[in-house]
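Trainee: I'd like to go through this one with you and ask how each label is earned. Can we put it up and start?

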Amino acid sequence: MYGSSTQFQSWTFRDEHELAKLRIQANGDFIEKFGRNMTEEEQAQHFLTAEEEHVMVRAYEHSLRDFCKKFRDPRDARIRMLPSVTTTAQHYFKRFYLYNSVMDYHPKEILVTCVYLACKIEEFYVTINDFVHNVRGDKEKAAEIILNNELQLTQELQFHLIIHQPFRPVEGLLIDIKTRFPQLRDPERLRPSIEEFLEKVNLTDAILLYAPGQIALAAVTTAVSRLGENLDHYVTDILFPNEQKQHLAVLIEAVRKIKKMVKNAEPPLSDSIRREIEAKLEKCRNQQNNPNSSQYRANYSEWDDEDLPIAASPFTEDMNLGVERIHSPSSY
């Protein structure tokens with residue numbers, strides 16, 4: 001399944017250097033388009049560097065995770081967003097900014113659009129009105145922005161919306177361990193550590209570089225190691241018997257690199273650095289994609305009122321939910 005998927009064919013890359021080249025290219029294309037009349041020194045002062053863009057995307061990846069954790073359905077506060085929705089949204093967000101600059105599309109708007117689209121794809125039913133109930137600020141404006149961005153996001157994803165995730169391979173591994181490796185007592189006790197690992201791996205580029213099965217094995221073996229045990233015999237002799245030994249070295253190397261990426265995952269930005277980059281971003285962002293600008297409004301001035309996708313239901317402001325510091329644009 002995964003080997004024939006669009007995820008493998010179009011969105012699984014060779015290494016981190018290839019990802020870095022794509023991000024540098026997206027940054028350079030934006031600067032070339034909007035800074036062609038500036039000197040290199042003026043460009044450096046005015047625009048974000050590729051590194052600053054990458055730092056900003058990483059910061060919003062943490063915000064995306066937090067938004068999903070805090071998400072509540074206003075109809076029933078007991079309902080929590082599924083981990084599969086968070087993982088799919090993280091894939092969409094990372095993919096989008098491989099080929100687009102944060103100066104062209106602000107992450108705070110793409111973030112919520114990714115989550116809303118992921119809710120649909122992962123069959124986590126929520127209306128747009130209920131969804132924006134979790135967004136601070138102007139609910140109608142937030143709904144308008146999400147619905148206006150949804151098609152653009154889908155196009156930038158090349159309409160490749162199905163995400164293969166490590167959750168199913170994890171379940172397969174646990175069943176197989178219970179069946180064929182009884183030396184490991186009660187594999188169910190691994191679940192908290194596995195879930196923690198899978199949450200952290202979404203904050204790295206591992207999900208763009210490795211197969212879900214490799215990520216799943218990295219999660220399971222990490223959880224076992226934390227208990228002071230190991231699965232060496234299971235992996236080398238049971239999971240990969242003699243006739244499949246040629247694949248073992250590749251798998252072990254992949255698992256090792258995934259674990260290293262998770263261990264070295266970047267922490268959230270400090271508030272001061274984030275504010276500094278945010279301020280610079282506001283000065284250099286593409287105003288045609290800024291919902292607060294006259295240029296953006298001009299793009300939609302010919303729409304009929306019936307065509308404008310605005311949520312109609314009013315919301316109370318007594319629930320302070322959603323991502324910290326992420327509001328709909330009109331509230332900034």
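Mentor: Sure, and keep in mind that this is a predicted model. Let's begin with the cysteines: the structure holds zero disulfides.

Trainee: How do you know that cysteine 68 is not in a disulfide?

Mentor: Check the sulfurs. A disulfide is a covalent bond between the sulfur atoms of two cysteines. To be counted, the pair has to lie within 2.5 Å. The closest cysteine sulfur to that of cysteine 68 belongs to cysteine 119, and it is 7.2 Å away, so that is too far for a bond.

Trainee: What makes cysteine 68 and cysteine 114 count as buried or exposed?

Mentor: The cut-off for buried is under 20% relative accessible area. Cysteine 68 has 3%, so it counts as buried. Cysteine 114 has 0%, so it is buried too.

Trainee: Then there's arginine 58. Why is it called buried?

Mentor: Same test. Arginine 58 comes out at 8% relative accessibility, and buried means under 20%, so the label holds for arginine 58. This arginine sits in helix α4. Leaving out residues up to four places away in sequence, arginine 58 touches Lys94, Leu203, Thr204, Asp205 and Glu266.

Trainee: What makes a set of residues a nonpolar core here?

Mentor: They must be buried, belong to the listed nonpolar types, and be joined through side-chain atoms within 4.5 Å. The largest set that passes has 47 residues, and Phe93, Met103, Val115 and Phe131 have the most contacts inside it. The elements giving two or more residues to this core are α2, α4, α5, α6, α7, α8 and α14 (271-284). The largest share, nine residues, comes from α6.

Trainee: Which residues does phenylalanine 131 contact, if we skip its neighbours within four places in sequence?

Mentor: Phenylalanine 131 is in contact with Phe67, Phe71, Val112, Val115, Tyr116, Cys119, Val126 and Ile146. There is also a second, separate core of 41 residues, which includes Val201, Leu208, Ala223 and Ile238.

Trainee: Now the empty spaces. Why is one called a cavity and another a pocket?

Mentor: It comes down to the way out. In a cavity a 1.4 Å probe fits but cannot get out, whereas a pocket is open. The structure holds three cavities of 30 Å³ or more, and the largest has a volume of about 110 Å³.

Trainee: What lines the largest cavity?

Mentor: Its lining is Arg23, Ala26, Ala50, Glu53, His54, Val57, Glu61, Lys94, Tyr97, Asn100 and Val102. The elements that supply two or more of these are α2 (16-34), α4 (50-70) and α5 (83-99). Helix α4 has the largest share, with five residues. By class, the lining has five nonpolar, two polar and four charged residues.

Trainee: And how big is the largest pocket?

Mentor: About 590 Å³. It is lined by 23 residues, and His164, Gln165, Arg168, Pro169 and Pro212 lie nearest its centre. The elements giving two or more lining residues are α9 (167-180) and α11 (212-226), with α9 giving the most, five residues. The lining divides into 15 nonpolar, six polar and two charged residues.

Trainee: What about the second largest pocket, what is its volume?

Mentor: That one holds about 350 Å³ of space. Of its 15 lining residues, Lys69, Leu82, Pro83, Thr86 and Glu199 lie nearest the centre. Two or more lining residues come from each of α4, α5 and α10 (191-201), and α5 has the largest share, four residues. Its lining splits into seven nonpolar, four polar and four charged residues.

Trainee: Last topic, the backbone. What makes the phi of glutamate 123 worth pointing out?

Mentor: Its phi is near 55 degrees, a positive value in a residue other than glycine. Glutamate 123 lies in the loop between α6 (107-121) and α7 (128-132). With a relative accessible area of 72%, against a cut-off of over 50%, glutamate 123 is therefore called exposed.

Trainee: Why is glutamine 158 called partly exposed?

Mentor: Glutamine 158 has 39% relative accessibility. Buried needs under 20% and exposed needs over 50%, so glutamine 158 counts as partly exposed. Glutamine 158 also has a positive phi, about 60 degrees, although it is not a glycine, and it is found in the loop between α8 (139-156) and α9.

Definitions and conventions
Residues numbered from 1 in each chain as written. Predicted model: local features only at pLDDT ≥ 70, side-chain atom pairs only at ≥ 80, totals over all residues. Heavy atoms only, no water. 1 Å grid on protein atoms, 1.4 Å probe; cavity = no way out; pocket = protein on both sides within 12 Å on 5 of 7 lines; lining within 4 Å. Points joined across faces, edges and corners; volume = space filled by probe spheres on them. Nonpolar A, V, L, I, M, F, W, Y, C, P; charged D, E, K, R; others polar. Buried < 20%, exposed > 50% of the residue type's maximum accessible area, 1.4 Å probe, protein only. Contact = heavy atoms within 4.5 Å.
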